[in-house]
Amino acid sequence: MKRIVQEALLVAVAGIALSFAANALSPHGLKLTTNYFPAKKSTQPSAGATNVNPASSNAVADLTPSERLAAALKENGLQLADSNLVLRLLHDPRYEQQLVVFIDARSEEHYKEGHIPGAFQFDHFHFEKYIPTLMPVCQGAEQIVVYCDGGDCELSQHAAMFLRDSFAVPAQKLYVYGGGINEWNANHLPVEIGERKSGQIKAPAP
Amino acid sequence: MNPNQEAIVSDNGRREEAEGRGQRAEVRGQGTEGRGQRAGDRGQRSEGGGRSWLRCWEEILAVPARWLLGGAFIYMGLVKALNPGAFLELVREYHIVNNSLILNSIAAALPWFEVICGLLLVAGVAVRGTAVVTLGMLVPFTVTVLRRALTIASVQKLAFCAVKFDCGCGNGPQFICKKLVENSALILLSCWLIFSASRYFCAHFELFKRD
């Protein structure tokens, strides 16, 4: 038994060392010292949180996801965009001048499967890849709408906070589209496939 | 003599060297009964035939068990390693740690660690030690997932088995009861491999030489 424990320890130590090396070499690897969630956490836990205070759990359960998101955003100085505002901004003449900008906070794979036409991609876990393109756009924009899947997805919030805290994008410019791409698709709105401005526009089947 | 070459004392007392992997038998004064005997030795046995037959099958079945456990770890690890950002979000949801360095380290290293353990099991390297490590991961993961599911069931007023969420295990959103059955099966496979002596298709069954 002693040999098995020794073997397990050796596997664990060598495995952990190799794992960090693999992360460092991987193009998808995380930067260990980067704080990907810079804002203070919401005092209203999500439904799945393990540290739910029983006294407040009923109040949390009574809130709609949209209200919960609005409260969390307000606490972090961000604004919630509903589908009406998003549609208005998409048809705003400023959209063509990049004074209104949409940012898709999902992974590259999901972005290429379909995004709001003209939206930039920003996976904040690999920010160094996107920031050179995105920063000049954000600096020139008047309104920036960040979205992800919607529902329980928090990527859009975190990406917005990351832009605010790490790249000094003013909070008053930042909106989070709570419904996200799922609501967009549910409303049968067109999506762009592949790269930004690929010209492949697809309208979801009704 | 390498660890896989151990002396065999056969019935007539001649000392022979067993060549190759798995040809190990314990040194005994009489007969060649012992752990790790090969199926080919069966004819030499004079007692315990039923037990040896069972052991033989156990050792054969341990191979697919090892590959299954290893394959599961490789798959689950790779899914997370290819999208560590999403895994980081899911780990954060557990509210186990708040320190970003620790959180990032878990999300960065754990998926690759699972892949490495899976590869070791599939290749048959340090099998028992690796099985201890996989057991050491599976048990706390399962307890943590169970606790979260209980919380969700309580907050959302759902029946336990109706709880469905992405536990960060690599399979996307899953019903909790299915997940617990899967994890229990993997825990049993790990336990089996810790106690199994099967050396079939093992590149290097154990790292340390026997005393």
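This is a short conversation about reading a predicted model with chains A and B.

Visitor: How many residues of each chain take part in the contact between chain A and chain B?

Guide: Chain B brings 41 residues to the contact, and chain A brings 38 residues. Here two residues touch if their C-beta atoms, placed from the backbone, lie within 7 Å.

Visitor: Which elements of chain B give two or more residues to the side that touches chain A?

Guide: They are α2 (84-93), α3 (100-123) and α4 (127-156) of chain B. The most comes from α3(B), with 12 residues. By type, that side of chain B has 24 nonpolar, 10 polar and seven charged residues.

Visitor: What should I know about nonpolar cores?

Guide: In soluble globular proteins, nonpolar side chains tend to be buried together. In this model the largest nonpolar core has 75 residues, and A:I103, A:I144, A:V145, A:V146 and A:A159 touch the most other members. The largest share of this core, 12 residues, is from α3(B). A second, separate core has eight residues, including B:V145, B:F165, B:C167 and B:I176.

Visitor: Which residues does A:I144 touch, leaving out those up to four places away in sequence?

Guide: Among them are A:V101, A:I103, A:C138 and A:V169. A:I144 also touches A:K173, A:L174 and A:Y175.

Visitor: What confidence does the predictor report?

Guide: For the complex, the ipTM is 0.76 and the pTM is 0.72. Chain B has a mean pLDDT of 80, with 75% of its residues at 70 or more.

Visitor: Where in chain B is the pLDDT below 50?

Guide: Look at residues 1-46 of chain B. Beyond near neighbours in sequence, this stretch has 55 contacts in the model.

Notes
Residues numbered from 1 in each chain as written. Chains lettered and ligands numbered in written order. Helix = DSSP H or I, 4+ residues; strand = E, 2+ residues; numbered from the N terminus. Nonpolar A, V, L, I, M, F, W, Y, C, P; charged D, E, K, R; others polar. Core = buried A, V, L, I, M, F, W, Y, C linked by C-beta atoms within 7 Å. Buried ≥ 20, exposed ≤ 12 C-beta atoms within 10 Å, placed from the backbone. pLDDT = per-residue confidence, 0-100.
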